[in-house]
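Biologist: Before we talk through this model, could you put the sequence and the coordinates on the screen, please?

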Amino acid sequence: MNQVNFSDEIIGYQCIKCKREYPLEDMYEGCPRCKSNGKPSSVKPIYQGFFNGENWLPFQMAVSLGEGSTPLLDVATNHGNFYIKNEASNPTGSHKDRMSSFTISMAIANGYRGVVAASSGNAGLSLASYASYANIPCVIISTDNLNEQLASYIKSTGAELVLTKTSLERWELTKEYVKDGFLSATNYIDPPVGSQPIGIQAYKLVARECYGQLGSNPNALVIPTSRGDLIWGIYEGFSELKQAKFIEKIPKLFAVEPFERISKVLDGEKYTNHFNQNTNLKSIAGATVTWQSLQAVIESNGYAINVTEEEALDAQALMGRTGIHLELSSSTAIAAIKQIRKDKLVEGNDSIIAVTTSSRFTPI
Ligand SMILES: [Zn+2]
């Protein structure tokens with residue numbers, strides 16, 4: 001059931017900021033050199049050999065509950081026509097299932113005692129479900145304002161749920177589990193880096209699927225963003241397609257955020273700053289920016305788009321009327337399209353894909 005086969009195409013890691021290369025050993029805290037300079041950055045795996053469109057993935061065989069291959073839906077609304085890459089169709093209702101598949105597979109391949117994640121939402125439910133399916137111990141560390149229904153779903157998998165008072169305490173506790181032989185699925189350093197780099201590789205498939213399902217290269221993708229695992233994975237996916245000459249240009253990637261974080265950094269603030277603001281858009285909340293999310297936007301000639309809760313609620317209702325039920329944070333991708341068109345950040349006939357990250361039926 002849980003046969004895992006780690007790819008021998010991966011020969012090491014490379015920092016996505018300073019480009020230093022490292023041998024193939026697990027790296028939780030990003031590039032050691034950039035971290036010691038106070039400017040943390042994620043690393044990415046280095047593959048050898050030729051990319052044939054599908055071989056550059058960490059596993060030939062991974063733990064799976066049937067994630068991925070999500071539908072690309074053509075929708076017509078009063079915001080105009082666009083496509084939805086509906087990640088709400090994944091087994092536990094969010095894009096996180098793609099990452100959980102690879103993270104749990106990594107834990108099995110490298111003989112970890114179990115997995116741990118600091119999460120108050122989709123990532124926790126997803127990881128707990130995949131760990132349970134693979135029969136390995138899982139600890140989800142959350143804050144004590146965790147939604148009760150979500151808590152009951154997580155506990156129903158058999159995972160241990162630990163509650164702390166603050167977000168920062170979650171990261172401290174995660175670190176303790178890591179010392180104890182657990183694989184951390186999420187970041188725990190501040191300033192942060194992205195999640196476990198092998199897990200993020202799963203998001204490359206969002207890019208490849210969009211290209212295949214559309215039958216051509218999309219002009220733009222709109223992606224709800226917190227610490228940028230998804231937008232970076234999608235960027236990497238399109239980069240590989242470009243490198244292999246399947247496409248000529250990486251689509252513009254629009255990072256959608258609930259208040260100005262990436263946009264402030266693009267205007268000159270340090271990416272290691274904290275940007276504190278309360279929001280009910282919980283899945284994309286958080287006070288920090290990562291190097292990976294910034295790079296995905298800059299390198300694709302994209303933009304950061306701010307969406308308010310009211311705009312997200314309107315977009316959620318709009319999509320409900322098309323029969324597609326999205327979590328509020330996920331609906332921000334739809335609201336952003338309205339702004340993108342109004343500000344003429346794309347051409348009139350450009351194909352736009354909103355990556356809708358999670359289902360309204362997940363109790364966040
Ligand atoms: Zn570095």
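The exchange below goes through the metal site, the backbone, and the pockets and cavities of this predicted model.

Biologist: Which geometry do the four donor atoms around the zinc ion adopt?

Modeller: The zinc ion is held at 2.3 Å by the SG atoms of Cys15, Cys18, Cys31 and Cys34. Four donors count as tetrahedral if all their angles lie between 85 and 135 degrees. Here the donor atoms subtend angles of 106 to 115° at the ion, and therefore the arrangement is tetrahedral.

Biologist: How are the donor residues of the zinc ion spaced in sequence?

Modeller: The donors, read along the chain, are Cys15, Cys18, Cys31 and Cys34. Their spacing in sequence is C-x2-C-x12-C-x2-C. Within this set, the pair Cys18 and Cys34 links distant parts of the chain, since Cys18 sits in the loop between strand S2 (10–15) and strand S3 (21–23), whereas Cys34 belongs to helix H1 (residues 32–36), and the two are 16 residues apart.

Biologist: Is Cys34 buried or exposed?

Modeller: A residue counts as buried when its relative accessible area is under 20%. Cys18 has a relative accessible area of 26% and is therefore partly exposed. For Cys34 the relative accessible area is 3%, so Cys34 is buried.

Biologist: Which residue in the loop between S2 and S3 has a positive phi although it is not a glycine?

Modeller: Most residues other than glycine have a negative phi. In the loop between S2 and S3, a residue that counts as partly exposed because its relative accessibility is 48% has a positive phi near 70°. That residue is Lys19.

Biologist: Where is Asn135 found, given its positive phi?

Modeller: Asn135 has a phi of about 60°, which is positive although the residue is not a glycine. Its relative accessible area is 68%, so Asn135 is exposed. Asn135 is found in the loop between helix H3 (122–134) and strand S9 (138–143).

Biologist: Which two residues are joined by a cis peptide bond?

Modeller: Most peptide bonds are trans. In this model there is a cis bond with omega of about 0°, and its proline lies in the loop between strand S11 (182–184) and helix H6 (197–200). The residues joined by this cis bond are Asp190 and Pro191.

Biologist: Which residue follows H7, and what is its phi?

Modeller: Helix H7 (residues 204–214) has as its buried residues Lys204, Val206, Ala207, Arg208, Glu209, Cys210 and Leu214. The helix is followed by Gly215, whose positive phi is near 80°.

Biologist: Which element gives the most to the lining of the second largest pocket?

Modeller: The second largest pocket holds about 350 Å³ of space, and of its 17 lining residues, Gln14, Lys44, Glu236, Ser239 and Gln243 lie nearest its centre. The lining divides into eight nonpolar, four polar and five charged residues, and at least three residues come from each of domain 1 (5–61) and domain 2 (72–93 + 199–356). Strand S4 (43–47), helix H8 (229–243) and helix H10 (291–299) each supply at least two residues. With six residues, the element that gives the most is H8.

Biologist: Between which domains does the largest cavity lie?

Modeller: The search of the whole structure finds three cavities of 30 Å³ or more, and the largest contains about 90 Å³ of space. It is lined by 16 residues, of which Met27, Tyr28, Gly194, Ser195 and Pro197 are the closest to its centre, and by class the lining has seven nonpolar, eight polar and one charged residues. Because both domains give residues to this lining, the largest cavity lies between domain 1 (5–61) and domain 3 (96–194).

Biologist: Which helix gives the most to the lining of the second largest cavity?

Modeller: The second largest cavity has a volume of about 60 Å³, and its lining, which includes Lys96, Met99, Ala123 and Leu127, divides into five nonpolar, three polar and one charged residues. Helix H2 (96–109) and H3 each supply at least two of the lining residues. The helix that gives the most, with four residues, is H2.

Conventions:
Residues numbered from 1 in each chain as written. Predicted model: local features only at pLDDT ≥ 70, side-chain atom pairs only at ≥ 80, totals over all residues. Heavy atoms only, no water. Donors = N, O, S within 2.8 Å, 3.2 Å for Na, K, Ca; no water. Tetrahedral: all angles 85-135°; square planar, octahedral: opposite > 155°, others 65-115°. Buried < 20%, exposed > 50% of the residue type's maximum accessible area, 1.4 Å probe, protein only. 1 Å grid on protein atoms, 1.4 Å probe; cavity = no way out; pocket = protein on both sides within 12 Å on 5 of 7 lines; lining within 4 Å. Points joined across faces, edges and corners; volume = space filled by probe spheres on them. Nonpolar A, V, L, I, M, F, W, Y, C, P; charged D, E, K, R; others polar. Domains from an automatic or database assignment.
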